[in-house]
Amino acid sequence: MNFRSFLGNEATARQLQESAASGRLPHAILLSGPRGAGKYSLAIALAQTLNCLDPQTFSGLPDACDLCHNCTRIAAALDLDARVAEAVEAREDLRDADRKDTRILIQIHPDVLVVPPDPPQMLVKVGQVRSLIHNVQRAPAEGKGKIYIFPTAKFMSEAANSLLKVLEEPPEYAHLLLLAENPSDQLPTIRSRCSQMRLHAVPMETLEKIIAQRHPEWPSARRTLVARLAEGAVGRAVSFDADTYLASRKDALLLLRTATAEPDHSALFHMTETYRAGAEGQQKTQDLLRSLYLLLEDMMLLQAGEPEMARNIDILPELRRLAESVSFDWIDRAVRRIADVESGMRRNLLRSLSLDALTAGLQQR
Ligand SMILES: [Zn+2]
């Protein structure tokens with residue numbers, strides 16, 4: 001993920017790239033913006049650019065090559081969920097006494113440290129900040145500066161207080177990036193010590209253009225659909241698995257059709273039988289439930305007279321028919337029943353039976 005491949009929010013990306021190139025990168029940056037706008041990708045692009053062994057240029061400024069040993073090592077942090085899961089698992093394997101003292105930190109390169117919120121509270125804890133303070137005192141291993149990234153800057157209060165000291169007087173080579181959805185969620189004492197930069201949700205038309213570049217073979221209706229489903233997030237738009245979504249949406253529609261009008265359940269049983277046990281079935285069921293939520297949400301929007309907000313615009317006529325055949329309460333109840341199926345899945349209830357029961361339950365109006 002270099003600056004060249006970062007899409008949307010060009011002005012902020014350029015500002016960051018320029019300050020890195022001129023050696024005037026602020027020591028503390030609060031980078032805010034909605035989920036999916038690319039805050040973390042941009043932080044990684046910056047970390048790569050500062051450490052790249054074979055710097056390239058993009059728009060006349062230094063950019064990471066994305067291929068050298070340093071770039072690839074740092075890029076491993078892009079899959080943050082996987083890295084956090086590994087760190088948490090490693091901690092679980094420790095003896096009780098050691099586990100308490102083990103901080104969830106992702107050190108992907110000697111000079112790049114990612115400090116994620118610590119589960120289960122999902123807040124950055126004081127131990128993590130203390131580890132950072134210890135780490136920041138050592139000069140960079142490769143002499144180019146050290147980058148600390150907080151992917152979700154939510155702190156326990158003691159952690160926030162400890163961090164203030166570093167934000168106040170960071171060593172010359174240290175740069176801290178705090179990523180947050182809303183700058184106003186930060187304590188004023190933290191906010192005032194940071195340079196603020198902001199990313200915006202990428203507009204639908206821009207997303208459609210980006211998707212068209214990635215998938216020129218897609219018909220325009222599919223590009224529009226995916227742009228809407230991506231909710232302003234470039235990453236989600238370009239990696240969206242449209243085939244899987246359309247397959248699960250087809251099943252979700254069959255379920256809704258059966259629940260609202262179809263007296264004959266054979267097609268439904270045939271479909272739910274394909275939802276089997278095991279990890280694959282689990283994923284398939286989750287995709288189905290997610291599609292159901294999205295369809296029900298669109299039906300609510302149609303009932304509320306706001307069709308332009310609907311996401312599944314390629315099937316609006318069918319959704320309108322469905323929306324007209326049920327009440328608002330019915331949709332509301334459907335959403336709650338889906339939540340029941342989800343919690344049943346966590347208790348490992350038989351999936352196909354849960355889905356049949358869901359449909360049967362929805363037939364009572
Ligand atoms: Zn490189």
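**View 1. Ile106 faces Val114 of strand S5 across a strand pair.** This is a predicted model, in which local features need a pLDDT of at least 70 and side-chain atom pairs count only at pLDDT 80 or more, while totals for chains, interfaces and linings use all residues. Residues are numbered from 1 along each chain as its sequence is written, and side-chain values use heavy atoms, with hydrogens and water left out. Strand S4 and strand S5 (residues 112-114) run antiparallel and share three bridges. A hairpin of two residues leads from S4 to S5. Two strands count as paired if DSSP finds at least two bridges between them. Strands themselves are DSSP runs (E, at least two residues), as are helices (H or I, at least four residues), and both are numbered from the N terminus. If pairing is new to you, strands of a sheet pair through backbone hydrogen bonds, either parallel or antiparallel.

**View 2. Six strands make one open sheet.** Reading across, their order is S4-S5-S6-S7-S1-S8, with mixed pairing. Which strands are at the edges? They are S4 (106-109) and S8 (195-198), each of which pairs on one side only. On average, neighbouring strands here are turned by 20° against each other, direction ignored. Angles of this kind are taken between N-to-C directions and run from 0 to 180 degrees, using axes that are lines fitted to C-alpha atoms (for helices, over the stretch in contact). Helix H7 (residues 157-168) packs on the sheet, where H7 touches strand S1 (28-32), S6 and S7. The direction of H7 makes about 130° with that of S7. Contact here means heavy atoms within 4.5 Å.

**View 3. Strand S6 is largely enclosed by the rest of the structure.** Is S6 buried or exposed? Five of the five residues of S6 are buried, so the strand is largely enclosed. Buried means under 20% relative accessible area, exposed means over 50%, and partly exposed lies in between, using a 1.4 Å probe and protein chains only. Lys146, Tyr148 and Phe150 point one way from S6, while Ile147 and Ile149 point the other way. S6 (residues 146-150) runs parallel to S7 (residues 174-180), and five bridges join the two. Here Phe150 sits opposite Leu178 of S7, and Ile147 has His175 of S7 as its bridge partner. S5 also runs parallel to S6, with three bridges between them. There, Val114 is matched with Ile149 of S6.

**View 4. Four cysteines hold the zinc ion.** Cys52, Cys65, Cys68 and Cys71 each offer their SG atom, 2.3 Å from the ion. Donors are N, O and S atoms within 2.8 Å of the metal (3.2 Å for Na, K and Ca), and sites may look incomplete because water is not among the atoms. The angles among the four donor atoms are 101 to 119°, making the zinc site tetrahedral. For comparison, the ideal angle for four tetrahedral donors is 109.5 degrees. Four donors are called tetrahedral if all angles lie between 85 and 135 degrees. Along the sequence, the donor residues follow the spacing C-x12-C-x2-C-x2-C. Cys52 lies in the loop between helix H2 (39-51) and strand S2 (56-58), and Cys68, 16 residues apart from it, lies in the loop between strand S3 (61-63) and helix H3 (69-75). Cys52 is buried because its relative accessibility is 1%, and Cys68 counts as buried too, at 11%.

**View 5. Ile44 is buried in the protein.** Ile44 belongs to helix H2 and has a relative accessible area of 0%. Which residues touch Ile44, leaving aside its neighbours within four places in sequence? They are Met1, Ile74, Ala77, Leu78 and Ile149. Ile147 is 103 residues from Ile44 in sequence, yet their C-alpha atoms are 9.5 Å apart.

**View 6. Asp118 is a buried loop residue.** Look for Asp118 in the loop between S5 and helix H6 (126-136). Asp118 counts as buried because its relative accessibility is 3%. Beyond its neighbours within four places in sequence, Asp118 contacts Arg91, Ile104, Leu123, Val124, Lys125 and Gln128.

Definitions and conventions: Tetrahedral: all angles 85-135°; square planar, octahedral: opposite > 155°, others 65-115°.
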